[in-house]
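Reader: I'm new to protein models and I'd like to learn how to read empty space and charge pairs. Could you walk me through one?

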Amino acid sequence: MGAVKALFLSSLLALTALLAQDKPDESRLYSYQVLQHQAQLIMLREANLLEEQLARQLAKAIVEADRETRAEVRPLREDYGAFERRLIAKVGPEASRLHLGRSNNDLGATSERLFLRDDTLDLLERLAEARRTLLALATQNVDTIIPGYTHMVQAQPTTLAHQIAAFVSALERDDERLREAYRRVDSSPLGVAAFTTSSFPLNRHRLAELVGLTGLVENGYDAIMISTVDTKVEFAAALSLNALNIGRFIQQFLIQYSDSRPGITLADGAAGHSSIMPQKRNPSDGERIRVLCSSIVADAHAVALMAHNTPGGEHKDVRFELLERVERVSRASNLMLAKLKSFTSTWRVHPERTRELVTQDYSVMTELADTLLREGNVPFRTGHQVAAALASYGRLHGKRPLDLSFDEFRAVYRKVTSHEAPISELHFRRALDREEFIRGRRGIGGPQPDEMRRQLKRHEHRLAELESWIAARRAAIRDTQEKREREFAKLQPVPESVP
C-alpha cells in the first residue's frame, strides 16, 4: 500500500504543479492585441480618420515594434502602453492617433474573447477525438452483453455499446453547450472604448470583421462591464459539465475494474504496477483522469464564486484575474480529454467474462414477468411477485437463473398464485436467456443490435457534423487573417528595389 500511495501522491503533485500555472499565455494576448492594432489602422484609413502618409508610417512602425518586442521582451506581455511608446519613438506623438476612439477596456475585452474562442475550438477538437475513440469501441461491442446496474446492484442485462453510447450522448450535449458558448464569445467589443463609445465615427462592424469575430456586443456597457463576466463563467460551466460526465464514465470503469476478474482490462503497459505487490495492475491513468475531472469541477465553481457579487463595472476581479481562473479550467480540460482518448484506447474487452457476470445474478427477471403477461395473460404485478419469489428461491439454494429447472419454476408459481404456470418450458427458458433479453427489446433507445447500430450511426453523423463545423470555423479564421494581412500590407511602404 505504501508504494501505491507514493505513486498516487506523485501523480497528484505533478497534476497540482500543472494546474498551479495560473497565468494565461500572455504571448497569445499580446498577439491578439497586435492584430487589433492592424485592424484599427485599416479601419481608420478606410474611414478617412487617418491621412494616408501617417497610416503608412504607422503600418511600418507596427511591424518594427512587433519585431523588436518579440526579440527583446521575454516573456511577451499584453502591455499597450509599452507598445505605444515604441510607436511614438518611431513616428512621434502623432502615433497616438492609432488609439483614436478606443481604450484598454475594449482592447482587453476583445483579446479575452479571442482567447476563449480559440480555446473553445481546441477543446472541441479534443472532444471530437475522444468521441471518435469511444464510438469505435462501442461499434466493436454491439453484441457484448454486460450487467447493467441501478443502486449499484445488478439490475438488467445491457451491452457495452449501449452503455458507451449513453456517455457519448452526454458528450454530444457538452459539444452543444460549448458551441453555444462559442457563439456568444464570437462577438466584438471593439469600438466601444471605455464603455460609452466615442465621438469618432468608428466602424465597429468593420473592426469585428477584421479581427475575425462574427458579430457585435452591441451595448457598450454590456461589452465591457457585463459580458466580460458571463462569457467566462458560461465557458467554465460548460467545461465543468463535461468533466462531470467524463468523471462518471471513468468511475464506471474503475468500479468494474475492481473485480478480481474484470470484464474490461487494460493493455499491457497501460496499467501501473506496485513496487512490492507483483500481481497489482493499477488503473493509474483512469485515476488521473478522475482527479482532473474533480479539479475542473472545483475550479469552474471558483470562477463563478470569484465573479459572484462583483459590481457591474470594469475592475480587476472580473478581467485578467478571472481569465486566469478560466484558463486553469481550460488547460485541465484539454489534458483530461487527451487522456480520455488515450486511456480508452487501451481498454481490452472480454465478452465471455461480461456474459458470465450477467449469469451470476438474476437481472433477467423483468423479462420473466413480461413473458408471463405476454404469453400467459398474467397481470404484471402478479408476474413480478412470481419472478421475485423465484429469484429468492434460487439465491437461497445457491443457483443461478440458468440452473433453475422448469419444475422448480412451476412449484414457485403454484406457491405464489395457487394456480398452475400458464407458460411453456420454451417460453420459460427464453425468459431467462441473457441474449434473448437483449434481442427482445423493442423500444427506441434500447440495446438490441439493430437499434444500437442505428443509434451509433446517428452518433457518427453528429460527430462528422462537429468535425465539419470545426473545420469551417478554422477556415473562416484563416481567411479573415489572410484578408487582414493583405489589407495591412497595402499600407506598408513598398520595399525599394536593389539595383
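**Empty space and charge pairs**

Author: Let's start inside. The residues lining the second largest cavity are L134, F167, L171, N245, I246, F249 and L340. Keep in mind that this is a predicted model.

Reader: Okay, but how do people find empty space in the first place?

Author: The general idea is simple: roll a probe the size of a water molecule over the atoms, and you see where empty space is left. In this case, about 30 Å³ of space lies in the second largest cavity.

Reader: Which helices supply at least two residues each to the lining of the second largest cavity?

Author: That would be α6 and α8. The biggest contribution is from α8, which gives three residues.

Reader: And what classes of residue make up the lining of the second largest cavity?

Author: Six are nonpolar, one is polar and none are charged.

Reader: How many cavities of 30 Å³ or more does the structure hold?

Author: Two. The largest cavity has about 40 Å³ of space. Around it you'll find A109, E112, R113, L116, S227, T228, T231 and K232. Here α5 and α8 are the helices that each supply at least two lining residues. The classes are spread out in the largest cavity: two nonpolar, three polar and three charged residues.

Reader: Now for pockets. How much space lies in the largest pocket?

Author: About 480 Å³. It has 22 lining residues, and those closest to its centre are P147, Y149, Q252, I255 and Q256. Two or more lining residues come from each of β1 (145–150), α6 (160–185), α8 (220–257) and α11 (351–359).

Reader: Which element gives the largest share of the lining of the largest pocket?

Author: Helix α8 again, with seven residues. As for classes, the lining of the largest pocket has twelve nonpolar, seven polar and three charged residues.

Reader: What about the second largest pocket, how much space lies there?

Author: About 380 Å³. Its lining has 17 residues, with E78, N104, G108, R319 and F320 nearest the centre. Look along α2 (26–46), α5 (104–139) and α10 (320–344), since each gives at least two residues to the lining of the second largest pocket. The largest share, five residues, is from α5.

Reader: How does the lining of the second largest pocket divide by class?

Author: Two residues are nonpolar, six are polar and nine are charged. Put that beside the largest pocket, where twelve are nonpolar and three are charged.

Reader: Let's go to the outside. Which residues make a nonpolar surface patch?

Author: F195, Y221 and I226 do, and the patch covers about 240 Å². You can find I226 in helix α8.

Reader: Why does I226 count as partly exposed?

Author: Because its relative accessibility is 36%, and partly exposed covers the range between under 20%, which is buried, and over 50%, which is exposed.

Reader: Next, charge pairs. What's the general idea?

Author: Side chains of opposite charge can pair when their charged atoms come close. This structure holds 54 salt bridges. Take D119 and R28, whose closest N and O atoms are 3.0 Å apart. They link distant parts of the chain: D119 is in helix α5, R28 is in helix α2, and 91 residues separate them.

Reader: Is D119 buried or exposed?

Author: Buried, at 5% relative accessibility. Its partner R28 is partly exposed, at 22%.

Reader: Can you show me another pair?

Author: Sure. K90 and E68 form a salt bridge with an N to O distance of 2.5 Å. K90 belongs to helix α4 (residues 80–91) and E68 to helix α3 (residues 52–72), so the pair ties together parts that are 22 residues apart in sequence. Both ends are partly exposed, K90 at 33% relative accessibility and E68 at 27%.

Reader: And what about R126 and E125?

Author: R126 and E125 form a salt bridge too, with 3.7 Å between the closest N and O atoms. E125 is partly exposed, with a relative accessible area of 24%.

Reader: Which residues are joined into one network by salt bridges that share partners?

Author: R131, E172, D175, R179, R462 and E465. Try tracing that network from partner to partner in the structure.

Terms used:
Residues numbered from 1 in each chain as written. Predicted model: local features only at pLDDT ≥ 70, side-chain atom pairs only at ≥ 80, totals over all residues. Heavy atoms only, no water. 1 Å grid on protein atoms, 1.4 Å probe; cavity = no way out; pocket = protein on both sides within 12 Å on 5 of 7 lines; lining within 4 Å. Points joined across faces, edges and corners; volume = space filled by probe spheres on them. Helix = DSSP H or I, 4+ residues; strand = E, 2+ residues; numbered from the N terminus. Nonpolar A, V, L, I, M, F, W, Y, C, P; charged D, E, K, R; others polar. Patch = residues over 30% accessible without salt bridge, like charges linked within 9 Å, V, L, I, M, F, W, Y side chains within 5 Å. Areas by Shrake-Rupley, 256 points an atom, 1.4 Å probe, with all protein chains shown as cover. Salt bridge = Lys/Arg side-chain N within 4 Å of Asp/Glu carboxyl O. Buried < 20%, exposed > 50% of the residue type's maximum accessible area, 1.4 Å probe, protein only.
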